[in-house]
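This report covers pockets and the residues that line them. Please look at the model below before reading on.

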Amino acid sequence: MPEVRAIYHRTKQTNIYPLTEDRFLIEALLRDEVHDVVVEVEIVYPSLEIVAARSEIRNGPFTRVCDMTRVNTERLVGMKVGRGFTMAARAAIGGADGCHRISELVVEIAQAAYQLLFVRFFQSVPKEVRERADVPIDRWRAVNQAIPGMRNTCFSYSDERETAIEEEATALRLLEQDMPVRNLG
């Protein structure tokens, strides 16, 4: 098949930066040939409560008009990421008085906030345990015990998959990443 060039390309990026031991900045960015949108929330760990929220449409179909929706983002303050968050957040910031791109990024932020539970859990595991060979069923059980909200949220973390994890899962393979650095001053 010949090489072809895409006619549309959108990238999304989500980053979590530590502010203090229990407070984190989560930023989500979306960019394509029309849009350049950023949403940021400050979140408290482990409750995952949003304590600050802001957005900016730096470029859009009607940039200055679209950016008037930024005030809606403040409605996220006080919400906790967990079951039902996506629907409540979209109701607060989306629809005819909101911005679909900001709504998309809030979903990305919610997913990142939940990943924060995993990041903090694995950081709390002693180094000698982290450096041992991965045993998938042990990791599955540890996550389900340490992060009870994860249990039965997807195919792999379903109680019905415990045997499949034990018999079929392979060791976790961590991928190399260059972590972004941001000046918060």
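Which helices and which strand each supply at least two residues of the lining of the largest pocket? They are strand 1 (11-18), helix 3 (100-124), helix 4 (127-130) and helix 5 (136-146). The model is predicted.

**Largest pocket**

The volume of the largest pocket is about 2,000 Å³. Its lining holds 44 residues. Phe118, Val119, Phe122, Leu172 and Leu174 are the closest of these to the centre. Helix 3 is the top contributor to this lining, giving 12 residues. By class, the lining has 27 nonpolar residues, with eight polar and nine charged ones.

**Second largest pocket**

The second largest pocket has a volume of about 260 Å³. Here 13 residues form the lining. Closest to the centre are Val81, Gly82, Arg83, Ala110 and Tyr114. Two elements, helix 2 (85-93) and helix 3, give two or more residues to this lining. The largest share, four residues, belongs to helix 3. Six residues of the lining are nonpolar, six are polar and one is charged.

**Summary table**

| Pocket | Volume | Residues from helix 3 | Lining by class |
|---|---|---|---|
| Largest pocket | about 2,000 Å³ | 12 residues | 27 nonpolar, eight polar, nine charged residues |
| Second largest pocket | about 260 Å³ | four residues | six nonpolar, six polar, one charged residue |

Helix 3 thus appears in both linings: it gives the most to that of the largest pocket, and the largest share to that of the second largest pocket.

Technical notes. Residues numbered from 1 in each chain as written. Predicted model: local features only at pLDDT ≥ 70, side-chain atom pairs only at ≥ 80, totals over all residues. Heavy atoms only, no water. 1 Å grid on protein atoms, 1.4 Å probe; cavity = no way out; pocket = protein on both sides within 12 Å on 5 of 7 lines; lining within 4 Å. Points joined across faces, edges and corners; volume = space filled by probe spheres on them. Nonpolar A, V, L, I, M, F, W, Y, C, P; charged D, E, K, R; others polar.
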